[in-house]
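Biologist: Could you take me on a close tour of one part of this model, the open sheet and what surrounds it? I would enjoy one connected account.

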Amino acid sequence: MSEGTIKKFLYLNRKAPYGTIYALESLEVVLIGAAFDQDVSLAFVDDGVFQLTKNQNTKGIEMKGFSLVYNALGDYGITKLYVEKESLEERGLTLDDLQDVVYEDENDDYAEKKSILLVSRAEMGQMMETQNVVLSF
Amino acid sequence: MILHTVNKSPFERNALVSCLGHAQAGSSVLMIEDGVYGAIAGSQVADVVNNSLATVKIYVLEPDLAARGIAKEKLISGVQLIDYAGFVDLAADNTTVQAWL
């Protein structure tokens, strides 16, 4: 990409964490991509919404937990986490079951703001149309 | 009797629904790994699980639930929590273990 061009990157997450490697791999690529100062959004659709549940404790399954990393994404300038309402409902979940992901807005005296944007399936589809690059996990 | 194990999310594969459709009365079904999502109350598959509870014993592996942040309060009532030792007991108490991958 030419210098100074900012593209809109969407990371599309559709898999539950831990059962497969997709969720962790997505997070790794998001963190690498953050170094390129692009306009990054994350979408959580279908089983992808399970990635954001609160109180994940992986001690019992002896795997590395990575759910707390989502809350650090704001420090890398990633502040848009779109979560699909219908995907939550189909799985018996509400926004209350997800962790509070926040960031400090440097353009607003570092006020703490929510990163999670709850959107409908229709709105998610429209948001996807505005992206330049979509990376699927 | 058979101990059936299901390790896939019921929202991505039909393993759980197929398993429950085949499980005979008195048999046991154990949800493990991503299969534990099938134990959440109010989901798209909760009715199928609820109906099966009339004839089949349904268990969910607690460490897999905890890893995924699914609180016990969110589970379908009648689904029983077990730990790894309970998994071993179930395997020993049944004649075969059948995995629904």
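**The open sheet and its surroundings**

Modeller: Gladly! Let me start at a loop that leads into the sheet: A:Q38 sits in the loop between α1 (22–33) and β2 (39–44) of chain A. Please keep in mind that this is a predicted model. With a relative accessibility of 15%, A:Q38 counts as buried, because the cut-off for buried is under 20%. Its side chain makes two polar contacts worth a look. A polar atom of the A:Q38 side chain lies 2.7 Å from the backbone nitrogen of A:K7, and the side chain of A:Q38 also reaches the backbone oxygen of A:F36 at 3.1 Å.

A:D37 is in that loop between α1 and β2 of chain A too. Here the relative accessible area is 60%, so A:D37 is exposed. The backbone of A:D37 deserves a glance as well: its phi is near 50 degrees, a positive value in a residue other than glycine. Most residues other than glycine have a negative phi. A:Y110 is another non-glycine residue with a positive phi, about 55 degrees, and it is found in the loop between β4 (102–105) and β5 (111–114) of chain A.

Now to the sheet itself. Five strands of chain A form an open sheet in the order β6-β3-β2-β1-β7, with parallel pairing. Its edge strands are β6 (116–119) and β7 (133–136) of chain A, each of which pairs on one side only. On average, neighbouring strands of this sheet are turned by 25 degrees against each other, direction ignored. If you follow strand β3 (residues 81–84) of chain A, you will see it pair with β6(A) in the parallel sense over four bridges. Within β6(A), A:I116 is the residue that stands opposite A:L81. Packed on the sheet is helix α3 (residues 121–129) of chain A, which touches β1 (8–13), β2, β3 and β6 of chain A. The direction of helix α3 makes about 140 degrees with that of β3(A).

A:L81 turns up again in the nonpolar core. The largest such core has 54 residues, and A:L42, A:Y70 and A:L81 touch the most other members. Leaving aside residues up to four places away in sequence, A:L42 touches several partners, including A:L10, A:V30, A:L73, A:I78 and A:L81. Apart from the largest core lies another one, of eight residues, among them A:L10, A:L12, A:V119 and A:M124.

A:Y70 brings us to the aromatic rings. Over all chains, the structure holds four aromatic pairs. In one of them, the rings of A:F44 and A:Y70 have centres 6.0 Å apart and planes at 75 degrees, so the pair is edge-to-face. That pair links distant parts of the chain, with A:F44 in strand β2 of chain A and A:Y70 in the loop between β2 and β3 of chain A, 26 residues apart. A:F44 counts as buried at 0% relative accessibility, and A:Y70 counts as buried at 1%.

A further pair joins A:F50 and B:F11: their ring centres are 6.1 Å apart and their planes are at 40 degrees, so this pair is tilted. The pair crosses between chains, from A:F50 in the loop between β2 and β3 of chain A to B:F11 in the loop between β1 (2–6) and α1 (15–22) of chain B. Both A:F50 and B:F11 are buried, and ring pairs link these two residues with B:Y37 into a cluster.

Note on methods. Residues are numbered from 1 along each chain as its sequence is written. Chains are lettered from A and ligands numbered from 1 in the order in which they are written. This is a predicted model: local features need pLDDT of at least 70, side-chain atom pairs count only at pLDDT 80 or more; totals for chains, interfaces and linings use all residues. Side-chain values use heavy atoms; hydrogens and water are left out. A nonpolar core is a set of buried Ala, Val, Leu, Ile, Met, Phe, Trp, Tyr and Cys residues joined through side-chain atoms within 4.5 Å. Buried means under 20% relative accessible area, exposed over 50%, partly exposed in between (1.4 Å probe, protein chains only). Contact means heavy atoms within 4.5 Å. Helices (H or I, at least four residues) and strands (E, at least two) are DSSP runs, numbered from the N terminus. A polar contact is a pair of N or O atoms within 3.5 Å; within protein, one must be able to donate a hydrogen and the other to accept it, and residues adjacent in sequence count only if both atoms are side-chain atoms. Two strands pair if DSSP finds at least two bridges between them. Axes are lines fitted to C-alpha atoms, for helices over the stretch in contact, and angles run from 0 to 180 degrees between N-to-C directions. Rings of Phe, Tyr and Trp (its six-membered ring) pair if their centres lie within 6.5 Å; planes under 30 degrees apart count as stacked, over 60 as edge-to-face and the rest as tilted.
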